[in-house]
Amino acid sequence: MTTSPTGDAAPGDRLDDQEVAGLAARLREHRLSSRLTLEVASARVGLSPAYLSRLETGRRQPSLPVLLGLARAYGTSVSGLLGETMAEPDPVVRGGAIEPGRAGGWGYRRAGAPGRAMQALRVHVPPGVQDTVVRVHPGEEWLYVLQGRLKLTLGDRVHRLDVGDSAHFDSLTPHCIAADAPDGVELLFVHTLLQSPGGELCLGGPAAPH
């Protein structure tokens, strides 16, 4: 962000000159709810208190970089400052056939809404596929055996899980998932890696479209 000593943005950094309805009041409300004074809030974003005051009274319009900085300082999003509301994701995910993926022959189907802290997949692991691929990454994983038998390696220990068995483990533990049944194994798989597509977690390749 390029600003003058008073906090004014450089040309090209501004929002449209037309005032965003209610923006000034929301900026003040977010600052007060964060229990920040004008001085503290402006210092966090690299502005002058006088400039932030002008933003909160509608005498100036913030640039996009300033909005980004204020959103971080107040623990919200630019959309929240602008008063935009995001539609809630549908809490119901209908069942369907597991689609074959590009992840080394594994098949999967999303079983939860995208964008949540926890992501859920239904996974089918064919027999003899990727039984030597070991994964280590941040997060947690929980899996539940729906059909078949699972061979789960966690560190130096090997576990065999039958229908109805489950496992919950830290993903920083080296782990390997493989089928231990002639028809493969079907799992309900939940992980906490918000930014990782399902196919990149333990499936060994890029996620397939669904």
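Which side chains meet in a salt bridge at 3.2 Å, N to O? In this predicted model, one such pair is Arg149 and Asp180. Arg149 sits in the loop between S4 and S5, and Asp180 in the loop between S8 and S9, so the contact ties together parts that are 31 residues apart in sequence. I will come back to that pair after the overall layout.

The chain has five helices and nine strands. Along the sequence the order is α-α-α-α-α-β-β-β-β-β-β-β-β-β. There are 210 residues, and 37% of them count as buried. Among contacts with a separation of 6 or more, 63% are between residues 24 or more positions apart. The accessible surface is about 11500 Å², and carbon and sulfur atoms account for 53% of that.

Helices next. Helix H1 covers residues 23–33, and its buried residues are Leu23, Ala24, Arg26, Leu27 and Arg31. Those residues span an arc of only 165° around the axis, which places them on the same side of H1. What do they pack against? The partners are helix H2 (38–45), helix H3 (49–56), helix H4 (64–74) and helix H5 (78–82). Just after H1 comes Arg35, with a positive phi of about 60°.

In H2, the buried residues are Ala41, Ser42 and Val45. Here the arc is only 95° around the axis, which again puts the buried residues on the same side of the helix. They pack against H1, H3 and H4. Exposed residues Ala43 and Arg44 are on the face of H2 turned away from the buried side. Gly46 follows H2 and has a positive phi, near 80°.

Now the strands, and S3 in particular. S3 runs over residues 119–125, and five of its seven residues are buried, so the strand is largely enclosed by the rest of the structure. Strand S2 (residues 107–110) runs antiparallel to S3, joined by four bridges. In that pairing, Gly107 has His124 of S3 as its bridge partner. S3 also pairs with strand S9 (residues 185–191), antiparallel, over seven bridges. There, Arg122 stands opposite Leu188 in S9.

Arg122 has a second link to S9. Its side chain meets that of Glu186 in a salt bridge, 3.3 Å from N to O. Glu186 belongs to S9 and Arg122 to S3, so this pair ties together parts 64 residues apart in sequence. Glu186 is buried, at 13% relative accessible area, whereas Arg122 is partly exposed at 23%.

The count for the model is five salt bridges. Back to Arg149, then. Besides Asp180, Arg149 forms a salt bridge with Asp162, where the closest N and O atoms are 2.8 Å apart. Asp162 is in the loop between strand S6 (157–161) and S7, and Arg149 in the loop between strand S4 (140–147) and strand S5 (150–154), so this contact ties together parts 13 residues apart in sequence. Relative accessible area is 35% for Asp162, 30% for Arg149 and 28% for Asp180. Through shared partners, salt bridges join Arg149, Arg160, Asp162 and Asp180 into one network.

Last, the nonpolar surface. Which residues form a nonpolar patch there? They are Val134, Val136 and Leu172, with about 280 Å² of accessible area together. Leu172 is in the loop between strand S7 (166–170) and strand S8 (175–179), and counts as exposed at 52% relative accessibility.

Conventions: Residues are numbered from 1 along each chain as its sequence is written. This is a predicted model: local features need pLDDT of at least 70, side-chain atom pairs count only at pLDDT 80 or more; totals for chains, interfaces and linings use all residues. Side-chain values use heavy atoms; hydrogens and water are left out. Buried means under 20% relative accessible area, exposed over 50%, partly exposed in between (1.4 Å probe, protein chains only). Helices (H or I, at least four residues) and strands (E, at least two) are DSSP runs, numbered from the N terminus. The arc is that of the directions from the helix axis to the C-beta atoms. Contact means heavy atoms within 4.5 Å. Two strands pair if DSSP finds at least two bridges between them. Accessible areas come from the Shrake-Rupley method with a 1.4 Å probe; for residues, only the protein chains shown count as cover. Patches are made of residues with over 30% relative accessible area and no salt bridge: like charges are joined within 9 Å, nonpolar side chains (Val, Leu, Ile, Met, Phe, Trp, Tyr) within 5 Å. A salt bridge is a side-chain nitrogen of Lys or Arg within 4 Å of a carboxyl oxygen of Asp or Glu.
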